[in-house]
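Grab the model and work through a few exercises on charged side chains. Each task comes with a solution to follow step by step.

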Amino acid sequence: MRTPRRHEQADDWIDLAGWWSAEADDPAYREEVDPLFFQVLRPRSGEVLLDLGCGDGRIGERAAARGVRVIGVDVSLELARLASGRHPVFLGRLPDLACVRDEAVDGAYAVLALEHFEGSAGFFAETARVTRAGGSLVVVINHPVYTAPRSGPVIDPTDGELFWRFGDYLNPGRSREPAGNRSVEFIHRPIGRLLTEAATAGWSLEEVLEDGVGPRVAARDPILAKHRDIPHLMALRWQRR
């Protein structure tokens with residue numbers, strides 16, 4: 001690996017390290033995100049994986065406990081410092097992976113990160129470049145049904161039945177959601193666009209999992225309980241051709 005270039009932090013994440021650490025502490029993260037992620041990751045002992053948008057390194061630490069070597073990349077200096085106590089980390093603005101040589105790693109993953117940075121086509125191209133042939137790419141995202149601008153639940157006031165407004169699902173778009181006392185941008189891409197970009201970059205799709213709100217979260221939140229049959233998270237696994 002070459003010496004990484006220093007990048008400016010993304011504006012969204014300059015003051016959001018504390019908020020993200022609190023989000024990662026949410027029990028729903030371990031109850032819903034972690035199981036879905038590890039179901040498709042299928043780590044093999046000794047392989048080297050890039051954690052793209054590693055945050056404070058918690059999920060990388062859990063991956064490393066399963067026998068893999070994790071190297072994180074994050075744009076936030078504060079989060080990168082926290083992650084460095086758990087595994088090696090580079091400071092960088094994704095999807096740029098100029099600090100990594102061609103075919104240097106066995107795989108890469110991004111958990112709840114792809115929807116926050118520009119250039120998904122570049123993401124798939126760069127991860128393909130740095131991953132050896134036969135290596136893997138795993139992505140966990142908020143389901144595109146959720147990230148489409150103006151999408152959201154509509155509850156019938158007469159009987160409480162929940163319907164879903166799809167918003168502008170078919171076109172790429174952006175929206176902002178509250179994050180502590182600030183907001184964070186979500187970049188929406190339809191599923192078809194993501195799959196086509198991955199295939200164009202040389203990734204062969206192996207597995208797709210979709211998940212709704214889990215039973216533990218539903219038991220704690222009667223509003224979210226109505227979302228049980230609405231796609232909430234998506235996990236995808238590719239192999240580099």
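Let's fix one term up front: buried means under 20% relative accessible area, exposed over 50%, and partly exposed in between, with a 1.4 Å probe and protein chains only. This is a predicted model, where local features need pLDDT of at least 70, side-chain atom pairs count only at pLDDT 80 or more, and totals for chains, interfaces and linings use all residues. Residues are numbered from 1 along each chain as its sequence is written, and side-chain values use heavy atoms, with hydrogens and water left out.

**Exercise 1.** Find how many salt bridges there are, then look at the one between R62 and D34.

*Solution.* Start with the rule: a side-chain nitrogen of Lys or Arg within 4 Å of a carboxyl oxygen of Asp or Glu. That gives 14 salt bridges. For R62 and D34, the closest N and O atoms sit 2.5 Å apart. R62 belongs to helix α3 (residues 58–64) and D34 to helix α2 (residues 27–41), 28 residues apart; helices here are DSSP runs of H or I, at least four residues, and strands are E runs of at least two, numbered from the N terminus. Now check accessibility: R62 is buried at 16%, and D34 is buried at 6%.

**Exercise 2.** Work out which parts the R42–E207 salt bridge ties together.

*Solution.* First the distance: 2.6 Å, N to O. R42 lies in the loop between α2 and β1 (48–52) and E207 in strand β10 (residues 203–211), so the pair ties together parts 165 residues apart in sequence. R42 is partly exposed, at 39%.

**Exercise 3.** Is E47, the partner of R44, buried or exposed?

*Solution.* E47 is buried at 8%, while R44 is partly exposed at 47%. Their closest N and O atoms are 3.6 Å apart.
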